[in-house]
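Me: I have a structure open on my screen and would like to learn how to read it. Could you take me through some features one by one?

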Amino acid sequence: MMEVENQLNSSSSWDGYVDWRGKPASRTKHGGMRATFFVLVVEVMENLAYLANASNLVLYLTQHMHFLPSESANSVTNFMGTAFLLALVGGFLSDAFFTTYYIYLISAVIEFLGLVILTVQAQSGSLQPPKCDQSKPDQMPCQHVDGSKAALLYLGLYLIALGVGGIKGSLPAHGAEQLDGTTPHGRKQRSTFFNYFVFSLACGALIAVTLVVWIEDNKGWQWGFGISTLAILLSIPVFLCGSSCYRNKIPLGSPLTTICKVLVASVLNSCTISRSSNNSIASIAIISSPSQFTENMKLPPSPLDSPSPSESLVFLNRALEIEYPSTLKCTVQEVEEVKVVIKILPIFACTIVLNCCLAQLSTFSVQQAATMDTSIGTLKVPPSSLPVFPVVFIIVLAPLYDHVIVPYARRLTKSETGISHLQRIGVGLVLSVVAMAVAASVEIKRKRVASESAGSIDSGEPLPVTFLWIAFQYLFLGSADLFTLAGLLEFFFTEAPLSMRSLATSLSFASLAMGYYLSTVIVSLVNGVTGGPKHKAWLSGSSLNEFELERFYWLMCALSALNFVHYVFWAKKYKYRSAT
């Protein structure tokens, strides 16, 4: 009788998950696509709040805080890189100590506080450097923001970065956890969720780079920051409205502890212990996995559970070959989990160069458009609204991909996914190569027009060439972002061990961070190598027309092509683990 009752309780609840009150999550009440709806709406509002400022920040720093163009570009890439890198912190805390539910709420409050600070600074002239006109050569040089004013600026920016990082590290995993990965139907729903997560990112970005950017340029930055503040504030009650629907994965402890333990045990065995293969096999067989939960909270079966370790990365199997003190004792499952993490790292590394290319959308591409004619008929488009082109394309392509392309690919390939995660990422990397080649060609055309137009090099007047030429590089890079980001999110979440899913998913955004940081490093290296007493550096000068930007774009094109070759090598070697 007790066995039947236990089976009924197990079948009616989600093992390893609780509701927001900490009680076992019910299969009939918690999870499912209804719960993901709240996550998707929140992501629209959160990305609106973040991108409205990030997309236009390079101009705000140049025009209001009096940064040099290269300084503002590096400051923006550092800010965005930090925000995305901090996603690792959000993912780690979600897996180890808190749930994704609470990490989102804490992070949203932190981002709200940062936006309040920037709104107050933008509203008060006394908190900004003195106004000046940089286009008039007879004026004194503009005063760069410094002292307490600079401290206030950076405090606001990096509170936003901390909040954004926590949200990016928790919200995608929170949404994906609502869906049952143990059934084909649940895995298809999860794939749909990640596609629509990118769709939600694009919807928030569309509002940000059109309405909010226009308000910032025409009504004042205090209004733009104010709208972002309101958006992130309203996202909190929207998220809480779904509390009764959410199932939250119980934290399993620090995944970094498991990784370090396995690596240290492997190294110690390699250095100090002489083993025989028979004793190794015997010791492996007797180690079992300790329970992470109470009797009422047990993990669902994992495909990583096995009586013996796999033959890949065999040096890690040495962690099983001796009876250590309890602090270093490893199980087969822990060793296999660390193997999975190591195997996905090369895929992660191969996307960094792509995101370095994406960083140009927020820096040099905006500055290019600012020198061109941004009129469409009688409408004058702010340069920072250029991302509207890839955003609209993503909004159109994401549903088309999910409802037309993927079903057709499933019928064609007779596979569950239709197009594999790694194939999707590869398409994005190819598009990034094309995008950089297009960007270089467009810059050559822009410079030619500037040299042919009398006084255009030194004049502040727009060049007689439409900014729509820049739209082509945005289109290709936006398409690359759609294919790569959605593919990475699903790949990392699906392949990662259950105890590391939030942390693994946050690698998608950490890749963006590494890309932004790499962009800063490459810009500095290019200027250091190309600059000299007899010739100027490629990316230096008082205006963008004095830059050798086309050469920089050709360099990025070559790096992207080499990166794709590198990716193909690792993608061919990778073997997917069983679906969960």
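Reply: Gladly! Let's begin with a strand: β1 is mostly covered, with five of its six residues buried. Keep in mind that this is a predicted model.

Me: What is the order of the strands in the sheet that holds β1?

Reply: The general idea comes first: strands of a sheet pair through backbone hydrogen bonds, and the pairing is either parallel or antiparallel. Here, three strands form an open sheet in the order β2-β1-β3, with antiparallel pairing. β2 (24-26) and β3 (248-249) are at the edges with a single partner strand each, so one side of each has no neighbour in the sheet.

Me: Which residues stand opposite each other between β1 and β2?

Reply: β1 covers residues 13-18 and pairs with β2 over two bridges, in the antiparallel sense. Ser-13 is opposite Ser-26 in β2, while Val-18 is opposite Pro-24. The two strands form a hairpin with five residues between them, and Gly-22 in the turn has a positive phi of about 90 degrees. On to β3: two bridges join it to β1, again antiparallel, and Tyr-17 stands opposite Lys-249 there.

Me: Where would I look for a parallel pair?

Reply: Try β4 (residues 372-373) and β7, which pair in the parallel sense over two bridges. Met-372 stands opposite Leu-463 in β7. β7 (residues 463-466) is also a good example of a strand with two faces: Leu-463 and Val-465 are on the covered one, Pro-464 and Thr-466 on the uncovered one.

Me: Now the interior. Which residues have the most contacts inside the largest nonpolar core?

Reply: They are Tyr-60, Phe-79, Leu-153, Phe-364 and Phe-552, in a core of 135 residues. Helix α16 (residues 421-452) gives the most to this core, with 13 residues. To follow one example, select Tyr-60: leaving aside neighbours within four places in sequence, Tyr-60 is in contact with Met-65, Ala-122, Leu-153, Trp-221 and Phe-225. There is also a second, separate core of 12 residues, which includes Val-262, Ala-265, Ala-319 and Leu-320.

Me: How do I read the packing of two helices? What is the crossing angle of α5 and α18?

Reply: The axes of α5 (residues 87-96) and α18 (residues 501-530) come within 7 Å and cross at roughly 175 degrees. An angle over 145 degrees counts as roughly antiparallel, and α5 and α18 are therefore roughly antiparallel to each other. Among the residues that meet are Leu-88, Gly-91 and Phe-92 in α5, and Leu-503, Leu-507 and Phe-509 in α18.

Me: And a residue in a loop? Is Ile-419 buried, partly exposed or exposed?

Reply: Ile-419 is in the loop between α15 (388-413) and α16. Its relative accessibility is 24%, so Ile-419 counts as partly exposed. Not counting residues up to four places away in sequence, Ile-419 touches Tyr-401, Ile-405, Ala-409 and Arg-424. Ile-419 and Pro-407 are 12 residues apart in sequence and 9.5 Å apart in space, C-alpha to C-alpha.

Me: One last thing: what is the mean pLDDT of the protein?

Reply: The mean pLDDT, the predictor's confidence, is 81, and 87% of the residues reach 70 or more. Over residues 1-10 the pLDDT is below 50, and this stretch has two contacts in the model beyond near neighbours in sequence. Residues 274-303 also have a pLDDT below 50, with 43 contacts in the model beyond near neighbours in sequence.

Key
Residues numbered from 1 in each chain as written. Predicted model: local features only at pLDDT ≥ 70, side-chain atom pairs only at ≥ 80, totals over all residues. Heavy atoms only, no water. Pairing = 2+ DSSP bridges. Helix = DSSP H or I, 4+ residues; strand = E, 2+ residues; numbered from the N terminus. Core = buried A, V, L, I, M, F, W, Y, C linked by side-chain atoms within 4.5 Å. Buried < 20%, exposed > 50% of the residue type's maximum accessible area, 1.4 Å probe, protein only. Contact = heavy atoms within 4.5 Å. pLDDT = per-residue confidence, 0-100. Axes fitted to C-alpha atoms, helices over the stretch in contact; angles between N-to-C directions. Parallel < 35°, antiparallel > 145°, perpendicular 65-115°, else oblique.
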